[in-house]
Amino acid sequence: MSRAPISKELWKQLEPLIPPFVPSRKGGRRKRTISDEAALNGILYVLQTGIPWEDLPKALGYGSGMTCWRRLREWNAAGVWEQLHHAMLVRLREHDQIDWSRACIDGSSVPSPPGGQETGPNPTDRGKLGSKRHIIVDAQGIPLVVLVSGANRHDSMMFETCVDAIPAVKGLKGRPRRRPYKLHADKGYDYARCRVHLRKRGILSRIARRGVESREKLGKHRWVVERTHGWFAGFGKLRIRFERQLDTHLALLKLAAAIICARFVDRLC
């Protein structure tokens, strides 16, 4: 079944980021037979449906699945997906649509049967191999950070790395902003070092305390991060990680983050 092509807003932000094609000097291809836009739609089709790359139907006009896979990796090596995600955040901030009043952090495990980089035995899934997606979102659920670790690593082990990865987002007058007013987290982050890390960066901590606060007390604010995890899981290629190479998996995650941001742009800007 066909999927909707890339949105005009996403393509408008992506097109200037794509590096120019340089023909091989070793007797390889002299020109691309598939346009960048067609290849991108092929990547989106695989991301949305979750089908193996080699099963991408050529009848759709997106080229072969392996051509799209190579384009995904080429652009990732050039930093395109990271820049695209940031560009969508800038578009949102230009319209003052990033809510910095609070942010939420959480991790979610993803099965990874083939194994690969940043995978490990998941203690909550009978020791099966998996990885963990770590995200920070604003008060509306807009993804600001997406990182990956092995499923055997505790959520709190990625806390400092995630907080420090919040990008500085320009778009309004004054200095680019990168710090939310406060950060919400569940009991998995109830450690003194996590609170100290936030305090050093001028961010108020709203971390549930083990044995003191009920699971529901901060739920009215933390549910947005769970919803964003659900949006990521809505992409078929991200429900189960079949990409052994970490950079390929991260490329898909960053593209998915940009798409989620683009939905907010289409609705709010």
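Colleague: Which helix does E37 lie in?
Modeller: Keep in mind that this is a predicted model. Helix α2 covers residues 36-49. So that stretch takes in residue 37 as helices are assigned here, and E37 lies in α2.

Colleague: Is E37 buried, partly exposed or exposed?
Modeller: Buried needs under 20% relative accessible area and exposed needs over 50%. E37 comes out at 37% relative accessibility, so it counts as partly exposed.

Colleague: How many of the 14 residues of α2 are buried?
Modeller: The buried list has A38, A39, L40, N41, G42, I43, L44, Y45, V46 and L47. Their cover includes α1, α3, α4, α8 and α9. That leaves α2 mostly covered, with a buried count of 10 of 14.

Colleague: What phi does G50 take, just after α2?
Modeller: First, α2 itself reaches 20 Å from its first C-alpha to its last, close to the 20 Å expected. Just after this helix, G50 takes a positive phi, and its value is about 85°.

Colleague: Are α4 and α9 roughly parallel or roughly antiparallel?
Modeller: Both helices are among those covering α2's buried residues. Their axes come within 8 Å and cross at roughly 20°. Angles under 35 degrees count as roughly parallel, so α4 and α9 are roughly parallel.

Colleague: And how many nonpolar residues does the contact of α4 with α9 have?
Modeller: On the α4 side, the contact includes W81, L84 and M88, while α9 brings residues including A251, L255 and F264. By class there are one polar and three charged residues, and the nonpolar count is 13.

Key
Residues are numbered from 1 along each chain as its sequence is written. This is a predicted model: local features need pLDDT of at least 70, side-chain atom pairs count only at pLDDT 80 or more; totals for chains, interfaces and linings use all residues. Side-chain values use heavy atoms; hydrogens and water are left out. Helices (H or I, at least four residues) and strands (E, at least two) are DSSP runs, numbered from the N terminus. The expected span of a helix is 1.5 Å times one less than its number of residues. Buried means under 20% relative accessible area, exposed over 50%, partly exposed in between (1.4 Å probe, protein chains only). Contact means heavy atoms within 4.5 Å. Axes are lines fitted to C-alpha atoms, for helices over the stretch in contact, and angles run from 0 to 180 degrees between N-to-C directions. Angles under 35 degrees count as roughly parallel, over 145 as roughly antiparallel, 65 to 115 as roughly perpendicular and the rest as oblique. Ala, Val, Leu, Ile, Met, Phe, Trp, Tyr, Cys and Pro count as nonpolar, Asp, Glu, Lys and Arg as charged, and the others, Gly among them, as polar.
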